[in-house]
Amino acid sequence: MKSDMGFKYLVFSRIFRSIGIIYITLVAPLYLKFIGFSLVSIGIIFLFIILFNTILVFALGLLGDRVGYKKTLIIGDLFPFLAAFLLFSSSLKIVIIISLLIGGIGGTAGGMRGVFSPGLTALVASNWKNDLERVRRLGILTSAAAFSSIGGSSMLSIKSFLPFSPELKFRFLFLISAILLALSILSLSAVNEVARPKKNSKIMKLSSLKYSGKVMLSNSLSGMGVGLAVPLLPLWFELMYKISSYDIGIIYSISYLATALGSFFASNLSKWISILNIASWTRILSGALLILIPFSPYFIGSFIYILRSLIAGFGSPSRSTVNMKGISTEDFGAASSIQGIASRTSQATAGASGYLMEIYLPMPLIIGGLLQAISGWVYLRMLRQ
């Protein structure tokens, strides 16, 4: 319905995007190891992926304030679509690296990986003004994307049963991802967007910049922790517990279901607990649980990761809402991008993740979890007023 701004098509887009991009994100470190890259090399490749993605997000955020957030969502999805198609088309190492680079296919493979792309938070904040309504909409989007992510992790599991050579198994599923990302782009074309005030500032107002600065401090600490622990986590599970890609796919599938449930009930939780407290304490708990995983046997470590995904699902819609609360309407795109840049740039610590894994396998998760827990405390302190 037009009166609902085509929200269902936005949901469809996040569903298609999640399935496609989650498979590529999960399989990327495994694929790089399969074709002969070392742990240190994989970490360095992820470093450049994150840096390129940071520049892209910033550019699209500034563009969105001027041409509309729907357009930046479409442009943002074109990059991973092209990357998936190139990964399917070629087995050359240089093409594979360039594909992962332009697609921004690095970072976390959590249940919220498929929902957020440049312009999404800004579009929701622009179309729906009430805080609780924003949490509800973001909760629906996040839960739909997280539940759909099970499709991406299932692709990783069923890869073992495909009647192809090992390399063609990877590439066939890259083609499926490209098709799904194309469907995401088509769905976005049916989304509507409200008219916004004309952009008067070159980048953003001083008040918006001050508020964003507080968010960025916490996001930087969290990003450093996430960058160390999460981008190479599928490979970490393989090395730590000596399990197959099938088992890794199962773990992530259950974790995505947990994220979906957490996001679905997030709007109900926000009626009883302040949005800021939910946003802060879920981040603190996520970091603490990350520290526990390396000291746990396979079954318990997997359970802790799934519990962490549930908690992350609770926190994400509230955190996205708080991040926009002190931002001027005309600055939503620039603010969401600049805030995101703090997270993405600091995730460049992924470049050190492979090196730390070679020194002491649990180290990336211990340091990463500690940094994320501290970031949640900083978030609460900085934004309390």
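Helices here are DSSP runs of H or I, at least four residues in length, numbered from the N terminus. With that in hand, we can walk through this predicted model, beginning at helix α4.

Helix α4 spans residues 93–103. Look along it and you will find Ile96, Ser99, Leu100, Ile102 and Gly103 buried. Their cover includes α1, together with α2 (39–67) and α3 (69–89). Just after α4 comes Gly104, and its phi is positive, near 60 degrees.

Since α1 is part of that cover, let us go there next. Helix α1 runs over residues 7–34, and Ser18 sits in it. Is Ser18 buried or exposed? Its relative accessibility is 0%, so Ser18 counts as buried, the cut-off being under 20%. Around Ser18, leaving aside residues up to four places away in sequence, the residues touched are Gly114, Val115, Ala145, Ser148 and Ser149. One of these, Ala145, has its backbone oxygen 3.3 Å from a polar atom of the Ser18 side chain.

Now turn to the surface. Which residues make a nonpolar surface patch of about 490 Å²? They are Phe147, Leu257, Leu261, Phe264 and Phe265. Helix α10, residues 245–264, gives the largest share of this patch, with three residues. Leu257, a member of the patch, has its place in α10. The relative accessible area of Leu257 is 35%, so this residue is partly exposed, falling between the 20% limit for buried and the 50% limit for exposed. Patch residues need over 30% relative accessible area, and Leu257, at 35%, therefore passes that cut-off.

Note on methods:
Residues are numbered from 1 along each chain as its sequence is written. This is a predicted model: local features need pLDDT of at least 70, side-chain atom pairs count only at pLDDT 80 or more; totals for chains, interfaces and linings use all residues. Side-chain values use heavy atoms; hydrogens and water are left out. Patches are made of residues with over 30% relative accessible area and no salt bridge: like charges are joined within 9 Å, nonpolar side chains (Val, Leu, Ile, Met, Phe, Trp, Tyr) within 5 Å. Accessible areas come from the Shrake-Rupley method with a 1.4 Å probe; for residues, only the protein chains shown count as cover. A salt bridge is a side-chain nitrogen of Lys or Arg within 4 Å of a carboxyl oxygen of Asp or Glu. Helices (H or I, at least four residues) and strands (E, at least two) are DSSP runs, numbered from the N terminus. Buried means under 20% relative accessible area, exposed over 50%, partly exposed in between (1.4 Å probe, protein chains only). A polar contact is a pair of N or O atoms within 3.5 Å; within protein, one must be able to donate a hydrogen and the other to accept it, and residues adjacent in sequence count only if both atoms are side-chain atoms. Contact means heavy atoms within 4.5 Å.
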